[in-house]
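User: Hello! I would like a close look at a single part of this model, taken slowly and in plain words.

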Amino acid sequence: MAEKVVVFTGAGVSAESGLKTFRDMGGLWNEYAIEDVASPEGWRRNPSAVLSFYNERRQAVLAAQPNAAHRAIASLEAKFDVVVITQNIDDLHERAGSTNVIHVHGEIMKARSSVDPSLIYMLANPTIQLGELCEKGSQLRPDVVWFGEDVRFMEECLGHFSTASRIITVGTSLTVYPAAGLVKKARFSAEKYLVSLEAQKVPYGFRFLRGAAATVVPHVATCWLEGRKPV
Ligand code: APR
């Protein structure tokens, strides 16, 4: 049985692909108010503004390419049973070749019904426009989890975190719950790393590897594939 590796990622893993993070200098939440573009209330108030925000982000994702961190994570599948648990709504992990990716905050390349969350559609066009409806006649919205909405696959993710023998957390500020709470489920005996440019808090038992994802993650992956410890 291949060893289980959980790779838990946030916006920082895609920063070097040109996608903005949320809370860093120049991050999205410095430009936009969360309650306007990432909440059910904002959607009710001004769906057109919300659609434009995600249409713009989707254009950026379509123009972006996976970076060395995404590729290194995919390369681990050669030796390990890898589960990528991501807070990101971009598809760069899949485009880099990762085959087992769980998006806990949704996926920007998909749309969903405003009245029935189970009605999810792959997007044929790079934008969602007002007037585009689901099969139940409701306005289509981005398939993204907004603040105040239920995060997905948490039971499954808790199971993966509590059974992994290696965990690497990359490019997340660990400030948004319940996703940030997953790191607490890691086994004491697991080999655990946190990769980030900076870290306000390093979860118990995790070793902090300061640096850019596209530099540090390939190093960790090479070491693991060669049977060595990264530090
Ligand atoms: N390499 C590694 N880490 C990086 C890099 C990089 N090139 N660039 C930035 N970082 C780090 C920052 O230091 C920060 O700790 O990535 C983290 C990004 O944090 P956030 O912007 O808070 O993003 P994230 O943790 O993914 O946000 C969680 O919040 O807004 C919601 O739903 C949204 O999924 C998102 C959630």
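Which residues lie nearest the centre of the largest pocket, and how many residues line the largest pocket? Please also tell me what sits there.

Analyst: Happy to walk through it with you. One note before we start: this is a predicted model.

Let's begin with your question. The lining of the largest pocket is made of 43 residues, and Ala11, Phe22, Arg23, Thr172 and Ser173 are the ones that lie nearest its centre. The volume of this pocket is about 870 Å³. Sorted by class, its lining holds 23 nonpolar, 14 polar and six charged residues. Two elements, α4 (47-63) and β8 (191-196), each give at least two residues to that lining.

Now to what sits there: the largest pocket holds the ligand. Around the ligand there are 23 residues, and the closest of them are Phe22, Arg23, Trp29, Thr172 and Ser173. Phe22, Arg23, Thr172 and Ser173 are thus named twice, once among the residues nearest the pocket centre and once among those closest to the ligand. By class, the shell around the ligand splits into nine nonpolar, ten polar and four charged residues.

Some contacts can be followed atom by atom. In the side chain of Trp29, an N or O atom is 2.7 Å from an oxygen atom of the ligand. Thr172 offers a polar side-chain atom, which lies 2.7 Å from an oxygen atom of the ligand. With Gly171 the backbone takes part: one of its N or O atoms is 3.3 Å from a ligand oxygen atom. As for cover, the ligand on its own has 740 Å² of accessible area, and the protein covers 94% of it.

Thr172 and Ser173 also lead us to an enclosed space. Rolling a probe the size of a water molecule over the atoms shows where empty space is left. Searching the whole structure for cavities of 30 Å³ or more turns up one. The largest cavity contains about 40 Å³ of space. Thr172 and Ser173 line this cavity, together with Leu174, Leu194, Ser196, Glu198, Ala199, Gln200 and Lys201. Its lining counts three nonpolar, four polar and two charged residues. So that you can place this on the model, Thr172 and Ser173 are both among the residues closest to the ligand and part of the cavity lining.

There is a second pocket to set beside the one you asked about. The second largest pocket has a volume of about 300 Å³, and 18 residues line it. Nearest its centre are Leu19, Lys20, Leu28, Arg57 and Ala60. Helix α4 turns up again: α4 and α1 (28-31) each supply at least two residues of this lining, and the largest share, five residues, comes from α4. α4 therefore contributes to the lining of both pockets. Ten nonpolar, three polar and five charged residues make up the lining of the second largest pocket.

Finally, here are two backbone details to look for on your screen. The peptide bond between Tyr177 and Pro178 is cis, with omega about 10°, and Pro178 lies in the loop between β7 (166-170) and β8. Strand β8 is one of the elements that help line the largest pocket. Phe153 has a positive phi, near 60°, although this residue is not glycine. You will find Phe153 in the loop that runs between β6 (141-144) and α7 (154-163).

How values were computed:
Residues numbered from 1 in each chain as written. Predicted model: local features only at pLDDT ≥ 70, side-chain atom pairs only at ≥ 80, totals over all residues. Heavy atoms only, no water. Near = heavy atom within 4 Å. Polar contact = N/O pair within 3.5 Å; in protein donor to acceptor, adjacent residues only side chain to side chain. Areas by Shrake-Rupley, 256 points an atom, 1.4 Å probe, with all protein chains shown as cover. 1 Å grid on protein atoms, 1.4 Å probe; cavity = no way out; pocket = protein on both sides within 12 Å on 5 of 7 lines; lining within 4 Å. Sits in = over half its atoms within 2 Å of the grid points. Nonpolar A, V, L, I, M, F, W, Y, C, P; charged D, E, K, R; others polar. Points joined across faces, edges and corners; volume = space filled by probe spheres on them. Helix = DSSP H or I, 4+ residues; strand = E, 2+ residues; numbered from the N terminus.
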